[in-house]
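Please open the model in your viewer and keep the sequence panel beside it, since the stops below are given by residue number. What should be selected next, and what is there?

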Amino acid sequence: MDRVAIIGASMTTFGDRDAWVRELLAEAGDAALRDAGVDGDDLDHLYVSNMASGEFEGQTGVPNALAHDLGALGAYTQRVDQTSASGGAGIYAAWQSVASGASDMTLLVGGEKMTHKTTGEATDVIASLTHPVEYKHGVTLPSFAGLTARKYLDEYDAPRESLGQVAVKNHRNGVDNPHAQFRKEVDLETVLESPIVADPLRLYDFCPITDGSAALLFCPESVAEQYADDYVVVSGIGGATDTHVVHERDDPTTMNGVVESSDIAYEMADRGPEDVDFAELHDMFTILEFLQSEDLGFFEKGEGWKAVEEGVTDRDGDLPINTSGGLKSKGHPLGASGVAQAYELYVQLLGDAGDRQVEGDVGLACNVGGFGNCVTTTILEQP
């Protein structure tokens, strides 16, 4: 089977944008096509990763609208919704379309428009992904995060400050990302004195509500050089789910979807966690960076917090994590986040990351939906 290459990529500025989702998608999609010198009418497949355009702005049918806007009429279109993991699921769908031979040129665009809603309204849309019984009792994803963080700190004797260090690190990385929502450093004291949201987590332990879009262009590796001098390949990808009812899990500090999806991706790439040079993890809440870094096999269970405190995951550390600033600083437009994670791997592998550039040939992205309900892990490499 021919490997799948990514020959073009783009992302919009993340943050509070005046544009609606259709305009955001067109902005990123057009930029990715221009990045590779490909026209819209060259596309066989066009996928849109989006969680809730209908709920957020009453806009449905966005893939068809985007095909019109990009001049891709005739292409097969499909919306991919896997909650906040829609971007990763879109990568899987786009990879599959090329790997199967169904498409020779596939564009994936992820996007979401959220900031016109209040925090309460946006949180309620997102909370609709929880189990109906849990939702009925007022459970939200921030409350899951608070409960899990408390258990993790108690079980592994981790100091509260270690969670704050994740926010400090990722905000520091975001300063050098021109697309990030927040390009401002924060110190540990500011994080620890910010308002409590879900004990022990405070305001700076959470990602913001964000508008934005990102795009990736896929084709068979055998023809990639016809379009681009430099490209990357999808060497491994895996998807998995965990229980919908979070309180039924044996251990909420273990995300089985991360474990299983990464096992699949590692096997496909013939790699292991020790081969990964840098990673983008789904730090919707600071505690999730600990859990994923352990469940991906980077660190022993209960040791992820020590890696952060020792600087291992800093940009100049042995395993840089979230060089983009992560969801925490870069922002989290639901349908775009997983695509934007891969965009960061792409520019890092091509040496185009500017002041946030790190060294490495292998990058991994982990995109999580809900509280680990569904996960896609992707490994990108230089060819």
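Begin with the strands of this predicted model, nine of which form an open sheet with mixed pairing, in the order β3-β2-β4-β7-β1-β8-β11-β10-β9. To find its edges, select residues 76-80, which make up β3, and residues 278-280, which make up β9; each of these edge strands pairs on one side only. Averaged over the sheet, and with direction ignored, neighbouring strands are turned by 25° against each other.

Now move to residues 106-112 and 212-220, that is, strands β4 and β7, which pair in the antiparallel sense over seven bridges. Within this pairing, select E112, whose bridge partner in β7 is G212.

The remaining stops concern the backbone. Most residues other than glycine have a negative phi, and most peptide bonds are trans. Select D199 and P200, and you will find a cis peptide bond joining them, with an omega of about 10°; P200 itself sits in the loop between β5 (196-198) and β6 (201-202).

Next, go to D270, in the loop between α10 (256-269) and β9, where phi is positive, at about 55°, although the residue is not a glycine. D270 is exposed, with a relative accessible area of 70%.

Finally, select N322 in the loop between α12 (304-309) and α13 (326-330). N322 is not a glycine either, yet it has a positive phi of about 60°. Is N322 buried or exposed? With a relative accessibility of 0%, N322 counts as buried, because the cut-off for that class is under 20%.

Notes: Residues are numbered from 1 along each chain as its sequence is written. This is a predicted model: local features need pLDDT of at least 70, side-chain atom pairs count only at pLDDT 80 or more; totals for chains, interfaces and linings use all residues. Side-chain values use heavy atoms; hydrogens and water are left out. Two strands pair if DSSP finds at least two bridges between them. Helices (H or I, at least four residues) and strands (E, at least two) are DSSP runs, numbered from the N terminus. Axes are lines fitted to C-alpha atoms, for helices over the stretch in contact, and angles run from 0 to 180 degrees between N-to-C directions. Buried means under 20% relative accessible area, exposed over 50%, partly exposed in between (1.4 Å probe, protein chains only).
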